[in-house]
Amino acid sequence: PYAGQVEALKPRLMDVLNSYLRAVDTVEFDGSGALVRLRAQMLRRVQIVVGNEAEHDLLIQEFVVN
């Protein structure tokens with residue numbers, strides 16, 4: 001039931017996530033807990049945009065660091 005809502009908010013989601021990731025220092029990508037911390041921060045931002053009911057988890061498929 002939330003797929004349409006999330007799809008409509010996709011541009012805003014991309015903006016929120018890109019803004020956050022641009023602000024993250026590359027040092028934060030190091031360490032065993034880095035992915036867990038990043039996923040939690042990104043999920044929280046997604047939930048702010050689409051609502052807590054619409055998103056419960058976040059799958060990170062790939063990270064590209066320049």
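**Group meeting: a three-helix model, starting from Arg 45**

Okay, let me start with one residue. If you skip the neighbours within four places in sequence, Arg 45 is in contact with Val 16 and Tyr 20. Arg 45 itself is found in helix α3. Its relative accessibility comes out at 26%, so Arg 45 counts as partly exposed. And one distance for the same residue: Arg 45 and Thr 26 are 19 residues apart in sequence, and their C-alpha atoms are 19 Å apart in space.

Before I go on, please keep in mind that this is a predicted model.

Now the overall picture. The protein has three helices and zero strands, so to speak an α-α-α run from the N terminus on. Taken along the principal axes, the C-alpha atoms fill a box of roughly 35 × 20 × 20 Å. There are 66 residues in the protein, and 27% of them count as buried. As for contacts between residues at least 6 apart in sequence, 50% of those join residues at least 24 apart.

Let's go to α2. This helix covers residues 10-23, which is 14 residues, and from first C-alpha to last it reaches 20 Å, close to the 20 Å expected at 1.5 Å a residue. Which residues of α2 are buried? They are Leu 13, Leu 17 and Tyr 20. These three cover an arc of only 65° around the axis, which puts them on the same side of α2. The general background is that an α-helix has 3.6 residues a turn, so residues three or four places apart point the same way. Over on the other side of α2 you have Pro 11, Arg 22 and Ala 23, and those are exposed. And what do the buried residues of α2 pack against? That would be α1, residues 3-8, and α3, residues 34-50.

Which brings me to α3. With 17 residues at 1.5 Å a residue, α3 should span 24 Å, and its end C-alpha atoms are indeed 24 Å apart, which agrees. Its buried residues are Ala 34, Leu 38, Met 42, Leu 43, Val 46, Gln 47, Val 49 and Val 50. What covers them includes α1 and α2. Right after α3 comes Gly 51, and its phi is positive, near 105°.

One residue in that buried list I'd like to pull out is Gln 47, which has its place in helix α3. Is Gln 47 buried or exposed? Buried, because its relative accessibility is 16%, and the cut-off for buried is under 20%. Leaving aside neighbours within four places in sequence, Gln 47 is in contact with Asn 52, Glu 55 and His 56.

So, His 56. You'll find His 56 in the segment after α3. Its relative accessible area is 62%, so His 56 is exposed. Not counting residues up to four places away in sequence, His 56 touches Leu 43 and Gln 47. How far is His 56 from Tyr 20? They are 36 residues apart in sequence, and 19 Å apart in space, C-alpha to C-alpha.

A quick stop at the loop between α2 and α3, where Glu 28 has its place. Glu 28 is partly exposed, with a relative accessible area of 40%. If you don't count residues up to four places away in sequence, Glu 28 touches Ala 34 and Arg 37. There's also a C-alpha distance here: Glu 28 and Leu 38 are ten residues apart along the chain and separated by 8.4 Å.

Last topic, the pocket. The largest pocket has a volume of about 630 Å³. How many residues line the largest pocket? The count is 23, and Met 14, Leu 17, Leu 21, Met 42 and Leu 58 lie nearest its centre. Two of those names came up earlier: Leu 17 is buried in α2, and Met 42 is one of the buried residues of α3. Both α2 and α3 supply at least two residues of the lining. Which element gives the largest share of that lining? It's α2, with seven residues. By class, the lining has 15 nonpolar residues, four polar and four charged.

That's my tour, and I'm happy to go back to any of it.

Methods: Residues are numbered from 1 along each chain as its sequence is written. This is a predicted model: local features need pLDDT of at least 70, side-chain atom pairs count only at pLDDT 80 or more; totals for chains, interfaces and linings use all residues. Side-chain values use heavy atoms; hydrogens and water are left out. Helices (H or I, at least four residues) and strands (E, at least two) are DSSP runs, numbered from the N terminus. The expected span of a helix is 1.5 Å times one less than its number of residues. Buried means under 20% relative accessible area, exposed over 50%, partly exposed in between (1.4 Å probe, protein chains only). The arc is that of the directions from the helix axis to the C-beta atoms. Contact means heavy atoms within 4.5 Å. On a 1 Å grid over the protein atoms alone, a cavity is a set of points where a 1.4 Å probe fits but cannot get out, and a pocket is an open set with protein on both sides within 12 Å along at least five of seven lines; lining residues have an atom within 4 Å of a point. Grid points are joined across faces, edges and corners, and a volume is the space filled by probe spheres set on the points. Ala, Val, Leu, Ile, Met, Phe, Trp, Tyr, Cys and Pro count as nonpolar, Asp, Glu, Lys and Arg as charged, and the others, Gly among them, as polar.
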